[in-house]
Amino acid sequence: MDQEKATPIYDIARPSNPDDMPKVSLDQAHAPNKVLAHDDLLRRFARGEEIRPIHMRIGIMGACNMRCNFCNFHSPNEKSFYDLFSFKDSIATDAAIRLMGEFAATDGRAVTFCGSGECTIHPGYQDIARAGHAAGLRLGLITNGSRLSKPDMAACIAETHTWVRIGMNAGTKATFEEITRDHDDTFDTFLTTPRALREAAVDPEFRIGFNFVITQQNYQEIRQAARIAHDSGAHYVRFEPEFYSAMGHETIESVMAEVSEALQEVAQLSNEEFEVSVPKLDRGPMDQVEAVEGDFEHCHYSRFVTAVGADGNLYPCPQVHLNSRYQIGNVLQDGYLTVLEGGKRAAWEAENPQRTDLCKSCFYRPQNELLEWLKRGQVQLDEALDAYRVEIPATLHADFV
C-alpha cells in the first residue's frame with residue numbers, strides 16, 4: 001500500500017482526517033504511540049505474558065464546581081451509559097493514599113487525576129498528590145483550572161506534578177462562563193497561571209497546556225482561545241471535537257468547514273516553544289452506535305493503562321469507567337492487586353471476550369490497532385521499535401502511555 005510506504009511502520013495506526021479537513025497534528029504530550037517507548041513491556045505482551053498496567057487514570061471524586069453544558073456525566077443522554085455515576089462519590093484521602101502506594105508497589109509508574117468530577121476540590125488532593133509523588137509516581141492532572149491560582153495548590157503542583165491540562169473551552173470570558181457556569185473568575189487566570197506554574201515546576205519535563213472541546217457554542221472562538229494559550233506561557237493548546245452524545249454528536253457537523261479553516265489558521269502558531277494540537281474531527285459517537293470502528297478485537301490497551309472511578313471500582317479504561325458493564329471490582333475494599341490479578345479481572349474478561357460486544361468505538365483506537373497488529377504479526381516488533389527510536393529518541397512523558 002502507498003500509505004504503508006509513506007508512513008513509518010510504527011505509525012500506521014495514527015489518527016487522520018479526510019482530505020478536506022486539516023491534517024491531524026498531535027502535540028508530544030498526547031502522542032498515541034508512546035507504548036513503543038517500553039521495549040520490555042511490549043516484548044512480554046507480544047509473547048502473551050501477563051503485564052501490569054504502568055499508568056492509572058483515577059477520579060477521586062464525582063463532584064465538580066462547574067457544570068459544563070457538554071459534560072457527558074451530567075447529560076440525560078448519557079444516564080444509561082454512565083449508570084454508576086454519582087456526584088456524591090468520593091475516595092477518602094487515606095484510601096487514595098493507600099491506593100497510590102499499592103499501585104507504585106505493583107509496577108505502577110504514573111497516575112493521572114481526572115474523572116467525572118474536579119479532583120482539585122477534593123479536600124485531600126494535596127496530601128494524595130504528595131503521597132503519590134513520594135511513592136515514586138509521576139503525576140498528571142486534568143482540571144478545569146479553578147484552583148490552580150491558589151498559592152497552596154500551585155505550590156503542591158509545582159513540586160509534585162509532571163503535567164497539567166486545563167479545560168479552556170472558550171475564547172472569551174462571557175462564553176466560558178455561559179458554557180461552564182463558573183463563578184470563580186477562572187477564565188481571568190488563564191493568562192497568568194500557566195507561566196507561573198511552568199517557571200516554578202520542579203520536574204524538568206513539566207508541561208502545562210489547554211484543552212478546547214469544540215462545540216456549536218464556541219467554535220467561532222477557536223482563534224481567540226489559541227492566542228490566549230500562546231500568550232499565557234502554556235506549552236500547547238489541544239483541540240478536540242465534542243463526541244459524546246451530551247449535546248448530540250452532530251453539533252459541529254454543519255459548521256465543519258469553518259472549524260477546519262480556524263484550525264488550519266491557528267496551527268500556524270506552532271513553534272519550538274508552543275504546540276497546536278489538531279484532532280481527528282470525524283470521530284464517531286462513543287455510545288448509541290452500531291458500526292464497529294477500528295481493526296482490533298480485544299482491548300489490549302487496558303493491559304498498559306487502567307482506570308479507577310470515584311466509586312472505588314477498577315475499570316478497563318477511563319472512556320468506559322462508571323458503566324456497570326465494565327465494572328471489574330472494588331480496589332478500595334479488596335485491594336488493587338487482588339482485583340487486578342486475583343481473578344476478578346480475568347472473570348470479567350472471560351464474560352466479555354470481545355470489545356466489539358460492548359464498546360464499538362474507541363478513543364484509544366490507534367493504540368489498540370498497533371497492539372493488535374503486533375500480536376498478529378502484521379507489524380514486526382523489532383522493526384517498529386527500531387523505527388520509533390530513530391524518529392523519537394526521547395519520548396516525552398513516556399510512562400503516561
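A crossing is left-handed if the near helix is turned anticlockwise from the far one by less than a right angle, and right-handed if clockwise. The exercises below use a predicted model.

**Exercise 1. Describe how helix 4 and helix 5 pack, and give the handedness of their crossing.**

Solution.
- Step 1. Two packed helices are described by the angle between their axes and the distance between the axes.
- Step 2. For helix 4 and helix 5 the angle is about 15° and the axes are 10 Å apart.
- Step 3. Angles under 35 degrees count as roughly parallel. Helix 4 is therefore roughly parallel to helix 5.
- Step 4. The crossing of this pair, helix 4 and helix 5, is left-handed.
- Step 5. On the helix 4 side, the residues in contact are Y125, Q126, A129, R130 and H133. They meet D152, M153, A155, C156, E159 and T160 of helix 5.
- Step 6. Sorted by class, this contact of helix 4 with helix 5 holds 5 nonpolar, 3 polar and 3 charged residues.

**Exercise 2. Treat helix 3 and helix 4 in the same way: find the angle, the handedness and the residues in contact.**

Solution.
- Step 1. Helix 3 spans residues 93-105 and helix 4 spans residues 125-134.
- Step 2. Their axes come within 9 Å and cross at roughly 15°.
- Step 3. Helix 3 and helix 4 are therefore roughly parallel to each other.
- Step 4. The crossing of helix 3 and helix 4 is right-handed.
- Step 5. Helix 3 contributes T93, A96, I97 and M100 to the contact. Helix 4 contributes D127, I128, A131 and G132.
- Step 6. The contact of helix 3 with helix 4 divides into 5 nonpolar, 2 polar and 1 charged.

**Exercise 3. Which residues of helix 8 and helix 9 meet, and at what angle do the two helices pack?**

Solution.
- Step 1. Helix 9 covers residues 256-266. Helix 8 packs on helix 9 at about 25°, with the axes 9 Å apart.
- Step 2. The two, helix 8 and helix 9, are therefore roughly parallel to each other.
- Step 3. The crossing of helix 8 and helix 9 is right-handed.
- Step 4. I222, R223 and A226 of helix 8 meet V259, E261, A262, L263, E265 and V266 of helix 9.
- Step 5. By class, the contact of helix 8 with helix 9 has 6 nonpolar, no polar and 3 charged residues.

**Exercise 4. Locate the buried residues of helix 7 and say what covers them.**

Solution.
- Step 1. Helix 7 runs over residues 193-200, and its buried residues are T193, P194 and L197.
- Step 2. These residues lie on the same side of helix 7, because they cover an arc of only 95° around the axis.
- Step 3. Their cover includes helix 5 (151-160), strand 5 (207-214) and helix 8 (222-232).

**Exercise 5. Are the loop residues V35 and T106 buried or exposed, and what do they touch?**

Solution.
- Step 1. V35 sits in the loop between helix 1 (2-6) and helix 2 (39-46).
- Step 2. The cut-off for buried is under 20% relative accessible area. V35 has 5% relative accessibility, so V35 counts as buried.
- Step 3. Beyond its neighbours within four places in sequence, V35 is in contact with L42, F304, L370, L371 and V401.
- Step 4. T106 lies in the loop between helix 3 and strand 2 (110-113).
- Step 5. T106 is buried, with a relative accessible area of 9%.
- Step 6. Not counting residues up to four places away in sequence, T106 touches R52, Y336 and L337.
- Step 7. T106 and R52 are 54 residues apart in sequence, and their C-alpha atoms are 7.4 Å apart in space.

Note on methods:
Residues are numbered from 1 along each chain as its sequence is written. This is a predicted model: local features need pLDDT of at least 70, side-chain atom pairs count only at pLDDT 80 or more; totals for chains, interfaces and linings use all residues. Side-chain values use heavy atoms; hydrogens and water are left out. Buried means under 20% relative accessible area, exposed over 50%, partly exposed in between (1.4 Å probe, protein chains only). Helices (H or I, at least four residues) and strands (E, at least two) are DSSP runs, numbered from the N terminus. The arc is that of the directions from the helix axis to the C-beta atoms. Contact means heavy atoms within 4.5 Å. Axes are lines fitted to C-alpha atoms, for helices over the stretch in contact, and angles run from 0 to 180 degrees between N-to-C directions. Angles under 35 degrees count as roughly parallel, over 145 as roughly antiparallel, 65 to 115 as roughly perpendicular and the rest as oblique. Ala, Val, Leu, Ile, Met, Phe, Trp, Tyr, Cys and Pro count as nonpolar, Asp, Glu, Lys and Arg as charged, and the others, Gly among them, as polar.
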